[in-house]
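Visitor: I'd like to learn how to read helices and a few backbone oddities in a model like this one. Could you walk me through it?

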Amino acid sequence: MRCTRCVAHWKAYYWSPLLTVPLADLVSQYHAIRSEIDAAVHNVFESGQFILGSYVEDLERLVAEVSGAAYAVGVNSGTDALLLGLAALGIGPGDEVITTPFTFVATVEAICHLGARPVFADIIPRTFNLDPDDARRRITARTRAILPVDLFGQPADRAAYQQLAQEHGLQVLYDSAQAIGARYDGMPLGAFGDALTLSFFPTKNLGAYGDAGMVLTNREDVRDRVRMLRFHGSDGGYEYDHVGYCSRLDALQAAILQVKLGHLEAWTETRRAHAAAYAECLRDTECVLPSSDPRVYHVYHQFTIRHPRRDALRAYLNERGIRTGVYYPSPLHLQKAYRHLGYVPGDFPEAERACREVASLPVHPEMTEEQQQYVCRTIVELHNRS
Ligand SMILES: *Cc1c(COP(=O)(O)O)cnc(C)c1O
């Protein structure tokens, strides 16, 4: 007698998708540029110089150049770039910094560590970025700075923020951890604001093989202050003008990043091509596609859609070998660590709704056309079934 339950069990066990699609594929990326990376790493080992030094200075110069900023200062991580960048802008106890609750936690952590208070404003549902009109409503006599985030690789509205800053005498630091290579009005992002921070976390568009970050600025005072802060508050000797940090960029990471920087433009173009292909094939499904402001050159760190049955979609894709992410599952104003700020559910309805509806599809440059078509086909198949 045939046991149907056994057959079902057998099928569940042995049936596995022909293709799998990860959310990132750093090993494939390494294999594609292996000879360059191995040579760069070898050179650092032979140089005997492991922290700061010429590899870091060269990278700082190159990143400043492609970002259109006058200066770049390499630090330990994107998180430290925020911390040191805000400190260099003079943010401290009693100050308020307006930012978004729909971002990675580091944005808000940095404000709190300096003794300042994060003041949230809601997001624009179409772009997921901080809403400048809502930000304006949150300005008080204690507001010192605005901290917009270029979420998913799409620049926040530079024109609106620069105007707001000018009208109210505020400084602007842009958290551009997800948006290296992006442009606004045709200009690279280093042209705007008092400072901009980058993260080279391995999965970012330009990723190190470990932690690394950078502060970009056009202000000499900010550059000098960040340089001191990353080195215990000294300018290299044993005189300490500030209470500093130990937050330097490794030569090894700098050498790796220099190699990868040479590929960034091509990788970004591939991300954009994947995004365009998704937009085409998902047009008639329930997916709400990410909109791109016509003034921006979006670098698609994530390709983030909204879906009315987000969790069902993710489960369906996951069963078929396709990994997706939720950035971010809950807004920062409702996290336990930030309860002391006094916010309650409903305070930022668009951020809260985004957390329920978003899913990020694979968009990394190593994804093949075949893999992408498989993702598209699978989503359309689910749509046609329901
Ligand atoms: C990744 C990220 C950071 C932090 O960068 P690390 O290098 O991981 O410290 C900060 N803000 C945003 C928006 C990020 O995506």
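Guide: Sure. Let's start with bends: the bend at a residue is the angle between two axes, one fitted to the seven residues ending there and one to the seven starting there. Keep in mind that this is a predicted model.

Visitor: Where does helix H10 bend, and by how much?

Guide: At His263, by about 45°. H10 covers residues 251-281, 31 residues in total. From its first C-alpha to its last it reaches 43 Å, close to the 45 Å expected at 1.5 Å a residue.

Visitor: Now packing. How do I describe two helices that sit against each other?

Guide: Two packed helices are described by the angle between their axes and the distance between the axes. Try H10 with helix H3, residues 34-47: the angle is about 150° and the axes are 9 Å apart.

Visitor: What do I call that arrangement of H3 and H10?

Guide: Angles over 145 degrees count as roughly antiparallel, so H3 and H10 are roughly antiparallel to each other. Their crossing is right-handed.

Visitor: Which residues meet there?

Guide: H3 brings Glu36, Ile37, Ala40, Val41, Val44 and Phe45. Facing them in H10 are Ala251, Leu252, Ala255, Ile256, Val259, Lys260 and His263. By class, that contact has 10 nonpolar, one polar and two charged residues. Notice His263 in that list: the bend of H10 is placed at that residue too.

Visitor: Can we try another pair? At what angle do H5 and H6 pack?

Guide: About 40°, with the axes 9 Å apart; H5 is residues 78-88 and H6 is residues 106-113. That makes H5 oblique to H6. The crossing is right-handed. On the H5 side the contact uses Thr79, Leu82, Leu83 and Leu86, while H6 supplies Ala106, Thr107, Glu109, Ala110, Ile111 and His113. Sorted by class, you get six nonpolar, three polar and one charged.

Visitor: And how are H11 and H13 placed relative to each other?

Guide: H11 and H13 (residues 369-385) pack at about 125°, with axes 10 Å apart. They are therefore oblique to each other. This crossing is right-handed. Leu313, Tyr316 and Leu317 of H11 meet Thr378, Ile379, Glu381, Leu382 and Arg385 of H13. The classes here are five nonpolar, one polar and two charged.

Visitor: What about the backbone oddities? Which residues does a cis peptide bond join?

Guide: Tyr327 and Tyr328, with omega about 10°. To find the spot, look in the loop between helix H11 (310-319) and helix H12 (349-357), where Tyr328 lies.

Visitor: What is the phi of Phe152?

Guide: Near 65°, a positive value in a residue other than glycine. Phe152 sits in the loop between strand S4 (143-147) and helix H8 (158-168).

Note on methods
Residues are numbered from 1 along each chain as its sequence is written. This is a predicted model: local features need pLDDT of at least 70, side-chain atom pairs count only at pLDDT 80 or more; totals for chains, interfaces and linings use all residues. Side-chain values use heavy atoms; hydrogens and water are left out. Axes are lines fitted to C-alpha atoms, for helices over the stretch in contact, and angles run from 0 to 180 degrees between N-to-C directions. Helices (H or I, at least four residues) and strands (E, at least two) are DSSP runs, numbered from the N terminus. Angles under 35 degrees count as roughly parallel, over 145 as roughly antiparallel, 65 to 115 as roughly perpendicular and the rest as oblique. A crossing is left-handed if the near helix is turned anticlockwise from the far one by less than a right angle, and right-handed if clockwise. Contact means heavy atoms within 4.5 Å. Ala, Val, Leu, Ile, Met, Phe, Trp, Tyr, Cys and Pro count as nonpolar, Asp, Glu, Lys and Arg as charged, and the others, Gly among them, as polar. The expected span of a helix is 1.5 Å times one less than its number of residues.
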